[in-house]
Structures are given as structure tokens and as C-alpha cells.
Amino acid sequence: MMFTARIAAYKVCYAFGYSGSDILAAMDTTVSDGVNIMSLSLGGVPKPYYQDSIAIATLGGFQQGVVVSCSVGNSSPYSSIAGNVAPWIMTLAASYLDKSFPST
């Protein structure tokens, strides 16, 4: 049995920034193109679901069987605050350990 994968990339960010309508249009196109996984490296300040355009748009994809993965975001004015926390979004974060472990 052979499995294949198709990768599609949609550009929504430019040197001058990005537009919410560009992001939403790309997500709609992604779902209508029939993808299985949607990954967004976009995150920001947490908002209620009904005001969060990424949460609203990804809910539509999730309802059609698309696995949605987003970055946790790091734009909050407070530490340890995560964006993209809708329960239908797999939210990913990265961190580092700023230590050294010298040995002989």
C-alpha cells in the first residue's frame, strides 16, 4: 500500500504585515482544497472565541475533519499567557532551557 501527501502553502504575511481577511481567505481555500492538516504559525493575544477570527475559521475546518495546529503565540503583554486556545486547535509552544551543564 502506498501513501502520498500533498503540501500546499498559502502566503498571507508580507513585509508590511498581514491582513485578517488574507488569513481567513487562505484558511477557506485550504479547507476547500481538501487538506487533512492545517498548520498556522500565527498567534496573538487571547480573545473570546466569538471575537477570534482564527478560532472561528478553524472551527469550520475542524467540522470538516481537518486537524488544525497553531502556534501558541507570544504577543501577550503578560508572561505565560497563550493564544489560540480553542479546544479544536492543537496548540504548540516552544521553549528553551538557558542553562549550561559543564562536565569533565
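Biologist: Is Ser69 buried or exposed?

Modeller: Keep in mind that this is a predicted model. Buried means under 20% relative accessible area. Ser69 has a relative accessible area of 8%, so Ser69 is buried.

Biologist: Where does Ser69 sit, and which residues does Ser69 touch?

Modeller: Ser69 belongs to strand E4. Leave out residues up to four places away in sequence, and Ser69 touches Met38, Ser39, Leu40, Met90 and Leu92.

Biologist: Which sheet holds E4, and in what order do its strands run?

Modeller: Read the order from one edge to the other. Here the sheet is open, with three strands in the order E3-E4-E5 and parallel pairing. Strands E3 (37-40) and E5 (89-92) are the edges, each pairing on one side only. Between neighbouring strands the average turn is 20 degrees, direction ignored.

Biologist: Over how many bridges do E3 and E4 pair?

Modeller: Two strands count as paired if there are at least two bridges between them. E3 and E4 have four, in the parallel sense. As for register, Ile37 stands opposite Val67 in E4.

Biologist: How many bridges join E4 to E5?

Modeller: E4, residues 67-71, pairs with E5 over four bridges, again in the parallel sense. Two partners fix the picture. Val68 has Ile89 in E5 as its bridge partner. Cys70 stands opposite Thr91 in E5.

Biologist: How do side chains in a regular strand use the two faces of a sheet?

Modeller: In a regular strand they alternate between the two faces. Use that as a guide when you step along the backbone.

Biologist: Which helix packs on the sheet?

Modeller: Look for contacts, then for the angle. Helix H2, residues 53-63, packs on the sheet and touches E3, E4 and E5. The direction of H2 makes about 155 degrees with that of E4.

Biologist: What about the nonpolar patch on the surface: which residues form it?

Modeller: Ile37, Val67, Met90 and Leu92 form the patch. Together they have about 380 Å² of accessible area. Take Leu92, which is found in strand E5. Leu92 counts as partly exposed because its relative accessibility is 45%, and partly exposed lies between the limits of 20% and 50%.

Biologist: Now a helix residue. Why does Thr30 count as buried?

Modeller: Use the cut-off applied to Ser69. Thr30 has 7% relative accessibility, so Thr30 counts as buried. The place of Thr30 is in helix H1, residues 20-32. Beyond residues up to four places away in sequence, Thr30 touches Tyr10, Val35 and Met38.

Biologist: Step back to the whole chain. How many helices and strands are there, and in what pattern?

Modeller: Count the elements, then read them in sequence order. The protein chain has two helices and five strands. Its pattern along the sequence is β-β-α-β-α-β-β.

Biologist: What share of the residues is buried, and what area does the chain expose?

Modeller: The protein chain has 104 residues, and 27% of them count as buried. It exposes about 7,900 Å², with 57% supplied by carbon and sulfur atoms.

Biologist: What share of the contacts joins residues 24 or more positions apart?

Modeller: Mind the base of the percentage. Among contacts in the protein chain with a separation of 6 or more, 53% come from residues 24 or more positions apart.

Terms used: Residues are numbered from 1 along each chain as its sequence is written. This is a predicted model: local features need pLDDT of at least 70, side-chain atom pairs count only at pLDDT 80 or more; totals for chains, interfaces and linings use all residues. Side-chain values use heavy atoms; hydrogens and water are left out. Axes are lines fitted to C-alpha atoms, for helices over the stretch in contact, and angles run from 0 to 180 degrees between N-to-C directions. Contact means heavy atoms within 4.5 Å. Patches are made of residues with over 30% relative accessible area and no salt bridge: like charges are joined within 9 Å, nonpolar side chains (Val, Leu, Ile, Met, Phe, Trp, Tyr) within 5 Å. Accessible areas come from the Shrake-Rupley method with a 1.4 Å probe; for residues, only the protein chains shown count as cover. A salt bridge is a side-chain nitrogen of Lys or Arg within 4 Å of a carboxyl oxygen of Asp or Glu. Buried means under 20% relative accessible area, exposed over 50%, partly exposed in between (1.4 Å probe, protein chains only).
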